[in-house]
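Here are a few exercises to work through with the model open. Try each task before you read its solution.

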Amino acid sequence: MSAPELGGRDGFTSKFGILCAAAGSAVGLGNIWRFPYVVGESGGAAFLLIYLGLVVLLGIPVMLSELLIGRRGQRNAFGSFRLLAPGKKWWLVGVMGIAAAFMILAFYSTIAGWTLEYLIKAFSNSFSGKSSDELGAMFQVFHTQAFRPLVWQVIFMAMTAGIILGGVRKGIEKYTKVLMPFLVVLLLIMAIRALTLPGAMGGLSFLFKPDFSEINSRVFLSALGQAFFSLSIGMGTLITYGSYINKKNNLNNIAIEVSVVDTLIAILAGVAIFPAVFAFGLDPAEGPGLIFHVLPNIFQQMPGGYFFAVIFFLLLVIAALTSSISILEVVVAYLVEELKIVRSKATLLATVAALFVGLFCTLSFGALKDVTLGSLSIFGVLDFTASNILLPLGGLFIVLFVGWYLKDSDVKDELSNGGLLKLKIYRLFRFVLRFIAPVAIAIVFMHSIGLI
Ligand code: TRP
């Protein structure tokens, strides 16, 4: 079938804008909060090597598939599937993505709210003179109470909605074009500060000198999960963004560049964090509390710590914001295009709905901590369902759709911009999509739900 035409749609205006928006989506709490502690728990450099291999082998092909579906379909995640596979049930993949968007938004805004609180704490010099135990208690008291975390969550979602209200060109592109370069500069400053601490080498060798005895199947699987989450794939975020990309832009390059930037920034976050952790003799395997407990401890001990604490938490807020808008946009684009709701109403509706779920998420660290399913809190259930079930399933269906359902000639046509671009490794891409990716993702998926 030929590429559908849909004139007058909002979209990105430049290649730089596309890169900032898509890299803004990919670079988030996943890179700066999650990546360092997962590396810390999984043995450092050996994990990093596997992670890099998986990004190249699976991450880039899945990302390219999503961009391709979106640009071919010229619609939101649901609409693109319905348009490209009329009369078939593939739109269910889009529905799954929209459900995952709500769940991820709910728990993402909980953590993002914490980062706002910590930005204010850094500003008001609240870490200074506190012992490690006192800083641990500070985090404990803050994140288990009800009122403050909820207020921050509402504020964070209001910021997200404020950008989304502006649309693609005057919202997403306009803000990410300013925020992303700023983020890179802040992160570089942080990395240089960390590298110039006495004792920094220990952190670097932890990050870059692989110990292969640490590799086992669990490390493999957590690397794949991290890669999906970090690259924003499996949920339709990049289908939605892909639909805003001009037909003249080269999707192949965008997928590669965004993946490279996302990976470099994760590594840079590691470079900013591990040397400091080692220089002050702290535990790299501390877990999810790493940045809220260990880092304030480091900041208040190091020269210039006040300044660097503010930079670090500002960086986190920016990273979280440019990601959360990409998740909210999945829902808003659906409401606008499929249910014909005007953008302002759709944004309000989606934000309030996500906040409603999100409130339970935030409270599950305190007031609702006894409401559990198995051993998981509400936060844990949402995180698990979205990240470990819906994302891999979504990724699986996306590669199957492009690898087996779409006609080879259509895929080639979209990737080559109608024959204008030369496709260099198309056969390899096709082979990975048809065979390697589905099998690899299926293995992870079955593992994460406990089937193998
Ligand atoms: N990639 C982002 C991060 O690393 C989070 C994110 C944004 C995401 N959009 C997504 C995760 C879509 C999964 C699916 O923090």
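Below are three tasks on this predicted model, each with a worked solution.

**Exercise 1.** Find out which polar atoms the oxygen atoms of the ligand meet, using a cut-off of 3.5 Å for N or O pairs.

*Solution.* Start with the side chain of Y108: one of its N or O atoms is 2.5 Å from a ligand oxygen. Next, check the backbone of L29, where a polar atom sits 3.1 Å from an oxygen of the ligand. Then go to N31, whose side chain has an N or O atom 3.4 Å from a ligand oxygen. These three distances fall within 3.5 Å, so they count as polar contacts.

**Exercise 2.** Work out where the ligand sits and what surrounds it.

*Solution.* First, locate the site: the ligand is in the largest cavity. Helices 1 (15-26), 2 (29-41), 5 (91-123), 10 (217-231) and 14 (305-338) each give two or more residues to the shell around it. Now look at the 17 residues there: A26, G30, Y108, F229 and S232 come nearest. Finally, sort the shell by type, and you get eight nonpolar residues, nine polar and no charged.

**Exercise 3.** Which residue's side chain pairs with R72 in a salt bridge, and how far along the chain is that partner?

*Solution.* Search the whole structure and you'll find 13 salt bridges. In one of them, R72 meets D410, at 3.3 Å from N to O. Then place the partners: R72 belongs to helix 3 (residues 45-73) and D410 to helix 17 (residues 408-415), so the pair links parts of the chain 338 residues apart.

Note on methods:
Residues numbered from 1 in each chain as written. Predicted model: local features only at pLDDT ≥ 70, side-chain atom pairs only at ≥ 80, totals over all residues. Heavy atoms only, no water. Near = heavy atom within 4 Å. Polar contact = N/O pair within 3.5 Å; in protein donor to acceptor, adjacent residues only side chain to side chain. 1 Å grid on protein atoms, 1.4 Å probe; cavity = no way out; pocket = protein on both sides within 12 Å on 5 of 7 lines; lining within 4 Å. Sits in = over half its atoms within 2 Å of the grid points. Helix = DSSP H or I, 4+ residues; strand = E, 2+ residues; numbered from the N terminus. Nonpolar A, V, L, I, M, F, W, Y, C, P; charged D, E, K, R; others polar. Salt bridge = Lys/Arg side-chain N within 4 Å of Asp/Glu carboxyl O.
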